[in-house]
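Visitor: I have a model open and would like to talk it through. Could we go over the helices and then the chains?

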Amino acid sequence: MDSVKKSWVFRLTVAWFILIIFFAIFGPWLPLPKWDEVFDNALSVTPLRQGHLLGTDSNGYDIFSGIVYGARISLFISFTAVFLGGTIGSAIGITAAYVRGKFDYVVSTLFNVVLSIPNLVLSLALIAVLATNVDPNVPTSTGRRILVLVISLTIVIIPILGRIARAATLSWSNREFVLAARSMGSKDRNIIWRHIVPNVLPAIFAVAFLAIGVVIVAEASLSLLGAGVPDGTSWGSMVARGRNDIEFAPHIIIVPLVFIALTVISCNYIGDVIRKQLDQRQAKL
Amino acid sequence: MLLPAWSRTMTTTASGNTAHLRPADQTLLQIQDLVVEFDLGGGRVVKAVSNVSLDLVEGETLSIVGESGCGKSTLGKAILQLPAPTSGSIVFQGTDITKLSKKDLRNVRPAMQMIFQDPVSSLDPRFPVSRAVEEPLKIWNRGNEAERSAKVDELLNSVGLDPALVRDRRPYEFSGGQCQRISIARALALEPKLLICDEPVSALDVSVQAQILNLLQDMKDAYGLTLIFISHDLSVVKAVSTRIMVMYLGKICEIATPDELYSRPLHHYTSALVGSVPVPDPERKVSANLLEGEPPSPLDPPSGCRFRTRCPAATELCASEEPMLRLAADGHYVACHHPRA
Amino acid sequence: MLKLENLEVTFATSRGNLHAVKGVTLDIAAGESIGIVGESGSGKTVLSRASMGLLAPTATRTGTVTFDGKEISSLSREEVRETWGTGMAMIFQDPMTALNPVRRVGSQIMEGLTVRLGLSKDEARKRAIELLGRVRIPDPEQALKKFPGQLSGGMRQRVMIAIALACNPKLLFADEPTTALDVTVQAQILQLLSELRIELNMSMVLVTHDLGVVAGHTDKIAVMYAGEVVEYATTKDLFARMRMPYTEALMKSIPRLSTPSGSRLPVIEGRLPDPTKPEPGCLFASRCPYAQEKCRTQHPDLTTDSNGHQYRCFFPLGAAQ
């Protein structure tokens, strides 16, 4: 573990992650132009020209500002979806694995069914149902679209983390200390809270990081399909907006894509490090 | 998955296999006709324990020996209702605990505790030792925090561990023997009357076994415990028991005092078992009459006497009629149609 | 057949160098059976793996290993591999992890035959059936098609023995072969090993913690403690004239059928010395009831008495000879 902590890859990864979070939290207070401020005399400018660190897009919006503001939305959506999905999924998965029997059977089947539907198809369907008004001509508000995005991605994440929680609980609840706790007269809910959850949490955590990466990419894909946040504040919608300019001003989509890629890679790496630390700890047991 | 609840109300035909039981008012624990079966689905039922009756007098140590698959571990857990047996009665301190409600059963638990085979997995790897030993006290709200802490120290001392050194450490920092001591301390926290030890020394190194066995003996004297000692190791069991019960494929074969059982085994299985134990004496001839073959599957045990497929003295009677436990000598019972002379 | 000279094995760990085996010298003749007895941490398993050349790359091995006249300790891994199967073979404690659970038993036995002996598939199959019969597995033809998970523990151990014997090795290492088995099955397997050994005139090294197991099945016994051989004698002589306090303490602390019931067992106080911190003096001194000042400062070498009985003690038990 120490060798990992000292390696420059790990430090770089953590630094990147912190940077993105910094953008997400303090974005609006940074001395940057607003993301939708138009610079008429600087359309489709490549990076490091005319005072725009990452250039501008065809509408004159500063890309760097877009990234900073976009970080808010992308991270908000992914963190929330993973947190909610993880909590709900884990609660269901842990209970099912501890109780076993019919409840477990129903839960596993449900998980498997939802997991078999491709992420994007599922979220598109949910968005289509929840985010459109009866009159197709009236656009839905940004707030509502974001809410629906979060809900649909939460539903996608529930079985992913739920299955992990269930599998981990199955292996932990067979350990003799759980049997010992029952023989002492401990109530089931106390056993779950005090014994199962603390031991299962690390495994869920490790996968949760991977899930954040999954959701960031899912949100970007949905935006590309036009089902994401409409007014182009997220990284995905920046890509969507810039797709027409690939030939002449590729930087417009490359910049957000690079940010998405690096953020997902750093999430995956951190999740991997957590998993390895877990395995080491397990080996000691 | 156990058989459905309604089948438990079906009265099992009294097996009559109770010749060895003593009057109920003299015993701490009396089990009659205990059956534990597991339904694997598709009509396959594992008959782990079939019509076993036994009793315990306060202060004795009853050992249950047998090889893997004989049902001894299942029996131990069934006594604690973990999970509840398929049928049969378990009368503990005058009450049939199989008939209790969930709440009443919970209230009986402090009086019956268990220690397990794998010392390390018996403890939650995240709990420091003090928390693990304190847990039963917290569950039952015994005393305030200071009183509980003092009790934990007292318990750790009595099992031979220095509280100052072990309190804040985690199980993975200890050896198997030390973990087993911690488990024993935890089991004694509620001052139970009955302690069931499920293979407590099998996972331990040979030289540590002696330490733990001595400790159990000391604890038994100090706390006035009654022990059920489950093991596959005949030598270990000889040192600690008042009485020994031999099981094979879910049934009792023989019950006797240790000296009687090992010097005069009447059941053919017991004799094969005793004969197979390696003895550190090069002069002793390796036993010529080794047991042939493998134990049958508990899914489909042989009719009549379950040992008949490997028994040198089996006859047609053994296939058609199940032998009952009969008195052979003082305190010595055997379930065999043709016991050894 | 097998000669170990001053064998030492050290593992590099995060806590320092772990000395698992310290200066072991042993001699095993053809057809002889020797037992290596010790508790966990004595180094007995590392010793047998080191002799075969099966150690992990983190281990450093010094000293010489001579097998069947050839010195094999300086050979590369590929070259040593040639001796496996036909020269030396090993069976392990847990047959479930030693056998591949997703391959049929037949294919696992035949692998050695086709690869090492160059037999054709038909010839290998016939030989496999013959081997299974020899290890007394009922209905060998059917057994070939089974997976390890479908067999009982005793059966799996027999399969492992069959695989080990497939290429007629001259020396068999049996590393705790019966520890995981029921006592009646253990007796069958030990009996089988003894019979096969005599039939094939094979040498055997039986590694175990159980003095009872070695008593009936070995010609000589080496007792190991903390990486050293502390006593080495013929089986009869070891039990009749025990010289090491450690061996005596071990014998006394093991519960036996003859132990009177309700008795307290004598216990070996203290713990094994830390293998990463070499200490002066006898390694058993801190736990020895007969230890004197000399024992704590000087490290005893192996002494041999007139019967060829070796022991590592300044004040051995019994009358000095």
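**Helix packing and chain contacts**

Guide: Helix H3 (residues 63-99) of chain A and helix H4 (residues 101-116) of chain A have axes that come within 7 Å and cross at roughly 140°. This is a predicted model.

Visitor: How are H3(A) and H4(A) oriented, then: oblique or roughly antiparallel?

Guide: H3(A) is oblique to H4(A), because the crossing angle of roughly 140° does not exceed the 145 degrees above which helices count as roughly antiparallel. The crossing of H3(A) and H4(A) is left-handed.

Visitor: Which residues make the contact between H3(A) and H4(A)?

Guide: On H3(A) they are Ile92(A), Ala96(A), Ala97(A) and Val99(A), and on H4(A) they are Gly101(A), Phe103(A), Asp104(A), Val107(A) and Ser108(A). By class, the contact of H3(A) with H4(A) has six nonpolar residues, two polar and one charged.

Visitor: What about H6(A) and H8(A): at what angle do they pack?

Guide: Helix H6 (residues 142-172) of chain A packs against helix H8 (residues 188-224) of chain A at about 150°, and their axes are 9 Å apart. With over 145 degrees as the criterion, H6(A) and H8(A) are therefore roughly antiparallel to each other. Their crossing is right-handed.

Visitor: Which residues meet there?

Guide: H6(A) contributes residues including Leu149(A), Leu153(A), Ile157(A), Ile160(A) and Trp172(A). Among those of H8(A) are Ile196(A), Asn199(A), Val200(A), Glu219(A) and Leu222(A). The contact of H6(A) with H8(A) comprises 19 nonpolar residues, two polar and one charged.

Visitor: Changing topic to the chains: which chains share the most contacts?

Guide: Two pairs of chains are in contact, and chains B and C share the most contacts. In that pair, 35 residues of chain B are in contact with 35 residues of chain C.

Visitor: Which helices of chain B supply the side that touches chain C?

Guide: Helix H7 (206-223), helix H8 (234-240), helix H9 (258-263) and helix H10 (268-276) of chain B each give at least two residues to that side. The largest share, seven residues, comes from H7(B). The side of chain B that touches chain C consists of 19 nonpolar, 10 polar and six charged residues.

Visitor: And how far apart are the nearest C-alpha atoms of chain A and chain C?

Guide: They are 12 Å apart, and chain A and chain C do not touch.

Visitor: Staying with chain B, what does its domain assignment give?

Guide: The assignment gives domain 1 (1-59 + 69-99 + 242-279 + 287-341) and domain 2 (109-241) of chain B. The C-alpha centres of these two domains of chain B lie 28 Å apart.

Visitor: How many residues of each domain of chain B are in contact with the other?

Guide: In chain B, 20 residues of domain 1 are in contact with 15 residues of domain 2. On the domain 1 side, strand S1 (27-41), helix H1 (72-79), strand S9 (243-248), H9 and H10 of chain B each supply at least two residues. H1(B) gives the largest share of that side, four residues. The domain 1 side divides into 12 nonpolar, five polar and three charged residues.

Visitor: One last residue: where is Phe315(C)?

Guide: Phe315(C) is in the segment after strand S12 (310-311) of chain C. Phe315(C) is partly exposed, with 15 other C-beta atoms within 10 Å. Apart from neighbours within four places in sequence, Phe315(C) is in contact with Tyr290(C) and Gln292(C).

Conventions
Residues are numbered from 1 along each chain as its sequence is written. Chains are lettered from A and ligands numbered from 1 in the order in which they are written. This is a predicted model: local features need pLDDT of at least 70, side-chain atom pairs count only at pLDDT 80 or more; totals for chains, interfaces and linings use all residues. Two residues are in contact if their C-beta atoms, placed from the backbone, lie within 7 Å. Ala, Val, Leu, Ile, Met, Phe, Trp, Tyr, Cys and Pro count as nonpolar, Asp, Glu, Lys and Arg as charged, and the others, Gly among them, as polar. Axes are lines fitted to C-alpha atoms, for helices over the stretch in contact, and angles run from 0 to 180 degrees between N-to-C directions. Angles under 35 degrees count as roughly parallel, over 145 as roughly antiparallel, 65 to 115 as roughly perpendicular and the rest as oblique. A crossing is left-handed if the near helix is turned anticlockwise from the far one by less than a right angle, and right-handed if clockwise. A residue is buried if 20 or more other C-beta atoms lie within 10 Å of its own, exposed if 12 or fewer, and partly exposed in between; C-beta atoms are placed from the backbone. Domain bounds come from an automatic or database domain assignment.
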